[in-house]
Amino acid sequence: MIKKPSEKILIVAAIIGTMAASTAQAANWLMLQGTERDAAAPRAKVWGFIQPEYSSTSNTPLQAGPWKGQDAIFNQMRPNLKSNKGFNVLRARLGVRGTGLPLDSNVNYFLLAEFGNNGITAGDNGSAKLTDASVTLNHIDGARFRVGQFKTPGSEEGLQAIHVFDYINFTGATNGLLLERFFDGDGSAAGDANRPNGSVGAFRDIGIQMFDTFKVNDWEHSYAVMLGNGNGINRADNNDSMETYLYWSSEQVYAGAGARREGWKLFAWNQDGKRTLTAAGAGEYDRTRSGLGTTFKKGKQRAGFEYITADGMIFNGSDGGAVPGTLNNLGTATASFNVETTGEADGYYLHYGYALTNELELDLRYDVYNRMTDVAAKERKFDTLTVGAQYFFNKKSRLIVNYEARNAEAPNLASAHAANQILDGMDDRLSAQLLIIF
Amino acid sequence: MRKFYKSLIMLAAMAFIFPVHAANDFAEKKIVLQISDNDPFKQTLVLNVANNLIKHYGQNKVAVEIVAFGPGLRLLFEKNANSQRIDGLITNNVTFSACENTIASMTKILGHTPTLHAAAKPVPAGVVRIIDLVEEGYTLIKP
């Protein structure tokens, strides 16, 4: 059992001690993902990455409530929620990007598919899914247009290229508020597990984005304005409302280029739209997300901070912390995923990384997620301290090991309340992941 | 007075000829680099090779000319992502030649004449330019 903090620290120290560099990148993701290099891009560059991983918790069962003694959802491996430990190929992506007609740098394209086992594919029995399919038109100075399915301009953690992400798992706020699950109902219908009706949003949408970057001395100022469906990926819209996205970043560039460029970036973003439920709790609900933050990378050091706030359509876990679809001990109720259609939430994360050598980097992240802050009885606070190490075999291959010391509480309820007993059973999580980019 | 005009004409002629050949006349090594394919990696590579030659021999002791033709002409497009590196090499006396045959065929495809880097010197045919330079004692390298 991995429970006591002292044990956790010892384990992390041991892991780090056996390992021999990262990236809260100050990179320009809008340009890196949406455009190609002028007159220097291939017709078709084939690329991709694979992320096999191992993850483990102690599998502490639910300590109270109608599902007491059964598996706790937060101690199971994503996305299948059937085991507390094991191997998984989380991501296996293959893509192609380029200019089509190399003589015309004004038209670029980007195509990427997911073959791994995660929230994108698991909702459809693991079949491969398209994650990105977009065309960018660069004909107008100051107003490039990207059309199709692609990452939306927003949170740094979601917008950044996943293959340079310093950690294995997303922070609580990003996972809970931004990695959107789409449901037909709010979870209140008896006997219905209310599972997602498709892929997670994966920080992507289908729509049109106007964007560009302006260089002023050693600063780069970028903007993006996007209109999208707000209904996830690989399907058309389901209501008459459009999702709006606004993004601004200003970055002082120190050195380098690409995803690992050194610089100091400030950014802010907003996303606003409506979600339509057709089953329990049917109706149309407002959903707003906003955030601001900064990233820094220079020499051996990198750091990041972001604050995220949310209003409406708050993903609210599962009944009693049980795995959705399981019956309670009396056999009278089925656990379901839940959405609070009018709730509020916020969260933040702090990150610091230090490259001891060219091969080894140590990372430390602290994140807090406050769910349902507008209803005292429903409020839940999650905080996680992640200690990590990255060992770079070469520029394209690395091993990441993370130890997450996870805590959760219902701050407005008594410590003996069933909710707090259940949350006390949240285990720490040990994960290791290999990443190969090609 | 006639002597003065004669001197003036001679000076003008020298001024016209001298800058064109100045970099070459005293060079101990003469290299022509060919870029003729579409691979962006090759663009970077040919510029790296030119830079390494200048660093190794010194800019006054080596004459380097990069001849771009076929798909390789993209290197000399005005907005090429490597244009700052090209500017840097030009200040080190590296010269760039652009094939007019390629320009003509690209004009047909694009519907307009591609805008080239201001320092790109048009030559009637890239391959003929290479042959001429080799006959002048240049060594051809195709990175």
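Leaving aside its neighbours within four places in sequence, S155(A) is in contact with T174(A), L178(A), W269(A), E306(A) and I308(A) in this predicted model. The residue itself belongs to the loop that runs between strand 5 (144–151) and helix 3 (156–159) of chain A. Its relative accessibility is 6%, and because buried means under 20%, S155(A) counts as buried. The side chain of S155(A) also reaches the backbone nitrogen of E157(A), at 3.2 Å.

From this loop we can turn to the aromatic rings. A pair of aromatic rings is described by the distance of the centres and the angle of the planes. Over all chains, the structure holds 14 aromatic pairs. One of them is formed by F170(A) and F203(A), whose centres are 5.2 Å apart and whose planes stand at 85°, an edge-to-face arrangement. This pair links distant parts of the chain, since F170(A) is in the loop between helix 3 and helix 4 (172–178) of chain A, while F203(A) is in the loop between helix 4 and strand 6 (204–216) of chain A, 33 residues apart. F170(A) is buried, with a relative accessible area of 16%, and F203(A) is buried as well, with a relative accessible area of 12%.

Another pair is made by W219(A) and W264(A): their ring centres are 5.9 Å apart and their planes meet at 65°, so this pair is edge-to-face. Because W219(A) lies in strand 7 (residues 219–228) of chain A and W264(A) in strand 9 (residues 262–277) of chain A, the pair ties together parts that are 45 residues apart in sequence. W219(A) is partly exposed, at 24% relative accessibility, and W264(A) is partly exposed too, with a relative accessible area of 30%. Returning to F170(A) and F203(A), ring pairs link these two with F165(A) and Y167(A) into a cluster.

Charged groups meet rings in chain A as well. R146(A) lies over the face of F110(A), at 5.4 Å from the ring centre, and the charged end of R235(A) sits over the ring of F182(A), 5.2 Å from its centre.

In chain B, helix 2 (residues 40–57) has 18 residues and reaches 26 Å from its first C-alpha to its last, close to the 26 Å expected at 1.5 Å a residue. Which residues of helix 2 of chain B are buried? They are P40(B), Q43(B), V46(B), L47(B), A50(B), L53(B) and I54(B). These residues cover an arc of only 160° around the axis, which means that they are on the same side of helix 2 of chain B. An α-helix has 3.6 residues a turn, so residues three or four places apart point the same way. On the other side of helix 2 of chain B, F41(B), K55(B) and H56(B) are exposed. The buried residues of this helix pack against strand 1 (29–35), strand 2 (62–68), helix 3 (83–90) and strand 3 (95–99) of chain B. At the N-terminal end of helix 2 of chain B, D39(B) acts as a cap, with a side-chain oxygen 2.8 Å from the backbone nitrogen of F41(B), and just after the helix G58(B) takes a positive phi of about 95°.

Helix 5 (residues 126–135) of chain B can be read in a similar order, beginning with its buried residues G126(B), I130(B) and L133(B). They cover an arc of only 65° around the axis, which puts them on the same side of helix 5 of chain B. The buried residues of helix 5 of chain B pack against strand 1, strand 2, strand 3, strand 4 (121–123) and strand 5 (139–141) of chain B. Just after this helix, G137(B) takes a positive phi of about 105°.

Conventions
Residues numbered from 1 in each chain as written. Chains lettered and ligands numbered in written order. Predicted model: local features only at pLDDT ≥ 70, side-chain atom pairs only at ≥ 80, totals over all residues. Heavy atoms only, no water. Helix = DSSP H or I, 4+ residues; strand = E, 2+ residues; numbered from the N terminus. Buried < 20%, exposed > 50% of the residue type's maximum accessible area, 1.4 Å probe, protein only. Polar contact = N/O pair within 3.5 Å; in protein donor to acceptor, adjacent residues only side chain to side chain. Contact = heavy atoms within 4.5 Å. Phe/Tyr/Trp six-rings, centres within 6.5 Å; stacked < 30°, edge-to-face > 60°. Lys NZ or Arg CZ within 6 Å of the ring centre and 35° of its normal. Expected span 1.5 Å × (residues − 1). Arc of directions from axis to C-beta.
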